[in-house]
Amino acid sequence: MATRTQDFDHDVVVVGASFAGAACALAAARAGLRVVVLERKADPGSKLHTTGILVKEAAEQTWLGRAPADCLRRIEKVRLYSPALRSLALAAPGYYFLTTDTPNLMRWLASELVDHGVDLRLGTSFSQAARSGAGWSVPGVGRTRYLVGADGARSRVAQIAGLGQGHAFLYGVEYEFAGLQLSDPDALHCFASKHFAPGYIGWVAQNPTGVQAGLALRHAPRRRAAPDIDGFLRRVRHLLGVPEDATPTTTRAGLIPCGGPVYPLARDGVLLTGDAAGIVSPVTAGGIHAAWRHGEAVGRAIAAHLQTGAATPEQVAEQSAPRFRTKRLLRWAFDHFQSDWAFDVLLHSAPLRWAAERIYFHKRGVAAEI
């Protein structure tokens, strides 16, 4: 063994029980390691920041494909709207998204951790850790060989360990309307608007329990403008059949990293994953599939290193982080050249269609005017 794990109370302590943290913990526990997950929320399905929308790859290539069927709803097309509310239908044969009953999906994921031997400590905040020999000492938890930060865009683990931190963010707000039905429930509706969403988009989708509608914009710390989601919904509700008197049952809000992976994201027995590591698409702000794959790779690497002396997990964490080179370029272009007028003019052009197909489907799809 690379390290005598019996000298520690735990092999891995993971901070955060969202997708990346759960993937890391599940991979490590299934490999036989002693894993603790610290989650500050008493209910893993409360106070969520994620939209919970899964891409096909997440459903077919990760543990999330085992989720209960009543937590998932299949969506097979995208309707992309210009600022003037003209639209383009996009689809790719065989490709789909899954909207989710996200609170219950997260509760199911927590139960999966427990069922696989993870010591899940809900209602437990992480505030400090100190280097202890070849590992880390976490107050109230004990000594661990590895500490994994899956604790969001403003990672406390990253701050304590002196790891990289994100500096480019979007700020998003999402409403959920329980029991509401869209007039076109089989599409992910995406709206470009520099007025309502500078630097990003608005979105509306049917999920298993109702409708989710969100808006995100470029986060500027000196100009803390909140997304005008109510104004956005007034602008688009007639297209979707959302009643004027619809009242949101849940509101989510938070920062979304959009600058790509942070560096360093691992050293000296501390590793970052998920939002803490910037494993989020700079263009779509989707991160569940990438975060799961990275978290899982980190968990497996820790187990392999402790059990067989394989490559250090620090190396694997750095090497397995997606670079998002093309999407970072698109992010730069969107930040500097977003124009409502240009988007209206180019909506049905070949270049915009080409870019949209690759952003949403990662390959060429089928587009039609609506």
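**Figure 1. F337 in helix 8 and the nonpolar surface patch to which F337 belongs.** In this predicted model, F337 is placed in helix 8, the helix that covers residues 325-337. The relative accessibility of F337 is 57%, and because exposed means over 50%, F337 counts as exposed. Together with L329 and W332, F337 makes a nonpolar patch on the surface, with an area of about 380 Å².

**Figure 2. The salt bridge between D43 and R107.** A search of the whole structure finds ten salt bridges, and one of them is formed by D43 and R107, whose closest N and O atoms are 2.9 Å apart. This pair links distant parts of the chain, since D43 sits in the loop between strand 2 (35-39) and strand 3 (54-55), while R107 belongs to helix 3 (residues 102-115), and the two are 64 residues apart. D43 has a relative accessible area of 27% and is therefore partly exposed. R107, with a relative accessible area of 34%, is likewise partly exposed.

**Figure 3. The salt bridge between D186 and R73.** The side chains of D186 and R73 meet in a salt bridge with an N to O distance of 3.5 Å. Here too the pair links distant parts of the chain: D186 lies in the loop between strand 12 (169-178) and strand 13 (187-192), R73 is in strand 4 (residues 72-75), and 113 residues separate them. With a relative accessible area of 40%, D186 is partly exposed. For orientation in the wider structure, D186 and A317 are 131 residues apart in sequence, and their C-alpha atoms are 37 Å apart in space.

**Figure 4. The salt bridge between E174 and R252, with both partners buried.** E174 and R252 form a salt bridge in which the closest N and O atoms are 2.9 Å apart. The two residues come from distant parts of the chain, E174 from strand 12 and R252 from strand 16 (residues 250-257), with their positions 78 residues apart. E174 counts as buried because its relative accessibility is 4%, where buried means under 20%. R252 also has a relative accessibility of 4% and so counts as buried. Elsewhere, salt bridges that share partners join K77, R79 and D184 into one network.

**Figure 5. The surroundings of R145, a buried residue without a salt bridge.** R145 is found in strand 11, which runs over residues 142-149. Which side chain of opposite charge is nearest to R145? That side chain belongs to E314, and it is 5.6 Å away, whereas a salt bridge requires a nitrogen and an oxygen within 4 Å. The side chain of R145 does, however, reach the backbone oxygen of A134, at a distance of 2.5 Å.

**Figure 6. Residues 12-33, a span annotated in UniProt.** An unreviewed UniProt entry lists residues 12-33 as "transmembrane region". In the predicted model, this span is 55% helix and 18% strand. The C-alpha atoms at the two ends of residues 12-33 lie 7 Å apart.

Definitions and conventions
Residues are numbered from 1 along each chain as its sequence is written. This is a predicted model: local features need pLDDT of at least 70, side-chain atom pairs count only at pLDDT 80 or more; totals for chains, interfaces and linings use all residues. Side-chain values use heavy atoms; hydrogens and water are left out. Patches are made of residues with over 30% relative accessible area and no salt bridge: like charges are joined within 9 Å, nonpolar side chains (Val, Leu, Ile, Met, Phe, Trp, Tyr) within 5 Å. Accessible areas come from the Shrake-Rupley method with a 1.4 Å probe; for residues, only the protein chains shown count as cover. Helices (H or I, at least four residues) and strands (E, at least two) are DSSP runs, numbered from the N terminus. Buried means under 20% relative accessible area, exposed over 50%, partly exposed in between (1.4 Å probe, protein chains only). UniProt positions are given in the numbering used here, feature names are shortened, and annotations may be inferred rather than shown by experiment. Lys and Arg count as positive and Asp and Glu as negative; His and the chain ends are not counted. A polar contact is a pair of N or O atoms within 3.5 Å; within protein, one must be able to donate a hydrogen and the other to accept it, and residues adjacent in sequence count only if both atoms are side-chain atoms.
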